Amino acid sequence: MYNGLSRRSLLSLGAGAAAASALAACGGGGGDAGGEISKDAVKLRFTWWGSDARHKRTQQAIDMFTKKYPNITVSGEFKEWNGYWDSLATTVAANDAPDIIQMDELYLASYAERGALLDLGTATKHLKTDGIDPAALDTGKVDGKQYAVPTGVAAYSIVANTTLLEQYKIPVPDDSTWTWDDLKRIGLEVSKASGGKVTGVQSWGFDAGGVNIWARQAGATLYDASGKVSIPPAVLAGYWQYLLDLAKQGIAPAPSVTVERAGASLDQSGTATNTSAFGTWWNTQLTSLSAASGQQLKLLKLPTNGQAAAAESPYYKPSMFWSVSSRSKHPAEAALFVDFLLNTTEAGEVLLTDRGVPSNGTVRSAITGKLADTDKAAAEYLAALKVGAAPRVTPNGASGIEAILKRHTEEVLFERQTPQAAAESFIKELQTEIDAA
């Protein structure tokens, strides 16, 4: 999520296609996840993507684990996001997958449905999940089986620049009652008060989170239980009409600016450059945004459409998951390692919020005192949020949703397609991708 909309826009469709093709050959055949922990020498491989800072923190956690279990060796295999999925697909197809896999929600179903991942429900002897909110835990389920556990969780939010609001003498809205119409009205006040130097709202529409929330507030879902695209065209058209209205009324930047920022890094966003007073973000991005902005930023709950369904629309988004390969020769030890990363305060105090606000509530509470003020605010936002049931996991074949979404949002903003035509086209194209998987 480095551009403020989604980190996944960095992923090429070619990588996704290669992964889908390579995965066709994978399957199960590992050891006993419920067996005893071996006293003999055990070697585990562990793969993840991320920055150098993540590598260092992760290695610290590995060292702590192997000190506690000296007969178990854990070898780290880390990569940048762009090369990670091709590499993983290749090793899985060759029956040479790492034992522990850092997994992403977009690809969870693809790997789980092809038998590449262990059902962690078979590993409860060594991996406990009772410290995780069921609504968060459910994000790692496919067809009722627990193929992944979230490392951390996030939730959609509005980030408000309170420095700008104070400058233009505009009160911070009451996020317990405000609506999308209120955001439009207040955003227009900002745009007018600034003389066009600052827009009220940073436009969005390039990530699945925004569509998910809009659908849920309308009492609908993006996907149904079977994995079919189920958002009604009229609901999706309403979403794009709202974004189009923001742009045409000068509440959001011109489409050309919006599209440019959507493809740029987080620190070039309207929020980070203090050129938009409100923006949609995942709550865990507050720290990076605050550092780039240098001004006072505040997390607000999302506006609603005033309908009853909106009360249950917030949901936990897994920042990423831990999964175990179904081919692992040492699934019990792999599950034990995941348990250590997930449930121990000693690992939590090293990893902190690098992989999201910890999904384990006890660990989250234990590390709060070590967090920066903005990370504390992100944790407090989650604690105060009433969340609904987890959305259906992204179906196999739908991992390219954000590329499809981005293209249709651009078509609407530049008025090359009406919101209704874009909605019908988007649904048809995404469903075709799922059917072809």
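Let's start on the outside: the protein exposes an accessible surface of about 17,000 Å², and 51% of that belongs to carbon and sulfur atoms. Keep in mind that this is a predicted model. As for charge, there are 40 positive and 46 negative side chains, and the centres of those two sets sit 2 Å apart.

Now the overall build. The C-alpha atoms fill a box of roughly 70 × 50 × 35 Å along the principal axes. A compact globule of 437 residues would be expected to have a radius of gyration near 22 Å, and the protein has 22 Å, so the two agree. Buried residues account for 56% of the 437. The chain runs through 17 helices and twelve strands. If you take the contacts between residues at least 6 apart in sequence, 79% of them join residues at least 24 apart.

For a closer look, pick helix H7, residues 180-193. Its 14 residues should span 20 Å at 1.5 Å a residue, and because its end C-alpha atoms are indeed 20 Å apart, expectation and model agree. Which residues of H7 are buried? They are Trp-180, Leu-183, Lys-184, Ile-186, Gly-187, Val-190 and Ser-191. An α-helix has 3.6 residues a turn, so residues three or four places apart point the same way.

And what do the buried residues of H7 pack against? On the strand side, the partners are S7 (156-161), S8 (199-202) and S9 (276-282); the helices are H6 (162-167), H8 (208-217) and H9 (233-248). Following H7 comes Gly-195, with a positive phi near 65°.

Conventions
Residues numbered from 1 in each chain as written. Predicted model: local features only at pLDDT ≥ 70, side-chain atom pairs only at ≥ 80, totals over all residues. Heavy atoms only, no water. Helix = DSSP H or I, 4+ residues; strand = E, 2+ residues; numbered from the N terminus. Rg over C-alpha atoms; globule rule 2.2 N^0.38 Å. Buried < 20%, exposed > 50% of the residue type's maximum accessible area, 1.4 Å probe, protein only. Contact = heavy atoms within 4.5 Å. Areas by Shrake-Rupley, 256 points an atom, 1.4 Å probe, with all protein chains shown as cover. Lys, Arg positive; Asp, Glu negative; His and termini not counted. Charge placed at Lys NZ, Arg CZ, Asp CG, Glu CD. Expected span 1.5 Å × (residues − 1).
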